[in-house]
Amino acid sequence: MRKQREPALVMARQFFERAFAMGAVEAAVGVGRTYDPVVYEQLKVTGLKPDPLLAMEWYMRAGNAGSSEAMAAIEALKTEIGRAHV
């Protein structure tokens, strides 16, 4: 079952990137999740490498547009990054 998550994650990223390009600002949260190590851990993704900097970049785009969901994701990601550097 895990092997199916990686292609789905890549497809989701492409979907959310297109939606964002078409003006759906909230889709930036979706893109961010496809890079987020917190999400990777929750889904037990093993075939892809998370990119916390790209996740943060996308969350910030959504947060700057007023997304409270993005702000929560930013805080969770900051906690994860802090834990990884301890």
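The exercises below, each with a worked solution, concern a predicted model of one protein chain.

**Exercise 1. Describe the secondary structure and the overall dimensions of the protein chain.**

Begin with the elements: the protein chain has 5 helices and 0 strands, and read from the N terminus their order is α-α-α-α-α. Next, consider the extent of the chain, whose C-alpha atoms fill a box of roughly 30 × 30 × 15 Å along the principal axes. Finally, compare the radius of gyration with the value for a compact globule: for 86 residues that value would be near 12 Å, and the protein chain, with 13 Å, agrees with it.

**Exercise 2. State what share of the residues is buried, and what supplies the exposed area of the chain.**

Of the 86 residues in the protein chain, 35% are buried, where buried stands for a relative accessible area under 20%. Turning to the surface, the protein chain exposes about 5500 Å², and 61% of this area is supplied by carbon and sulfur atoms. The charges can be added to this picture: there are 11 positive and 10 negative ones, and their mean positions lie 6 Å apart.

**Exercise 3. Find the aromatic pairs and classify each by its geometry.**

As a first step, recall that a pair of aromatic rings is described by the distance of the centres and the angle of the planes. The count for this model comes to 2 aromatic pairs. One of them is formed by Phe 15 and Phe 16, with 5.3 Å from centre to centre and 70 degrees between the planes; because planes over 60 degrees apart count as edge-to-face, this pair belongs to that class. Phe 15 is exposed, with a relative accessible area of 52%, whereas Phe 16, at 27%, is partly exposed.

Phe 20 and Trp 58 also form an edge-to-face pair, with centres 5.1 Å apart and planes at 85 degrees. This pair links distant parts of the chain, since Phe 20 is in helix H1 (residues 2–21) and Trp 58 is in helix H4 (residues 52–64), 38 residues apart. As for their surroundings, Phe 20 counts as partly exposed at 24% relative accessibility, while Trp 58 counts as buried at 10%.

**Exercise 4. Decide whether Glu 6 is buried or exposed, and list the residues that it touches.**

Start by placing Glu 6, which is found in helix H1. Its relative accessibility is 10%, and because buried means under 20%, Glu 6 counts as buried. If residues up to four places away in sequence are left out, Glu 6 touches Val 45, Thr 46, Gly 47 and Leu 48.

**Exercise 5. Locate Lys 44 and describe its backbone angle phi.**

Lys 44 lies in the loop between helix H3 (37–43) and H4. Although Lys 44 is not a glycine, it has a positive phi of about 60 degrees. With a relative accessible area of 47%, Lys 44 is partly exposed.

**Exercise 6. Work out the surroundings of Ile 74.**

The residue Ile 74 is found in helix H5 (residues 68–84), and with a relative accessible area of 3% it is buried. Leaving aside residues up to four places away in sequence, Ile 74 touches Met 56, Tyr 59 and Met 60. For Met 56, both separations can be given: Ile 74 and Met 56 are 18 residues apart in sequence, and their C-alpha atoms are 6.5 Å apart in space.

How values were computed
Residues are numbered from 1 along each chain as its sequence is written. This is a predicted model: local features need pLDDT of at least 70, side-chain atom pairs count only at pLDDT 80 or more; totals for chains, interfaces and linings use all residues. Side-chain values use heavy atoms; hydrogens and water are left out. Helices (H or I, at least four residues) and strands (E, at least two) are DSSP runs, numbered from the N terminus. The radius of gyration is taken over C-alpha atoms; the globule rule is 2.2 Å times the number of residues to the power 0.38. Buried means under 20% relative accessible area, exposed over 50%, partly exposed in between (1.4 Å probe, protein chains only). Accessible areas come from the Shrake-Rupley method with a 1.4 Å probe; for residues, only the protein chains shown count as cover. Lys and Arg count as positive and Asp and Glu as negative; His and the chain ends are not counted. The place of a charge is taken as NZ of Lys, CZ of Arg, CG of Asp or CD of Glu. Rings of Phe, Tyr and Trp (its six-membered ring) pair if their centres lie within 6.5 Å; planes under 30 degrees apart count as stacked, over 60 as edge-to-face and the rest as tilted. Contact means heavy atoms within 4.5 Å.
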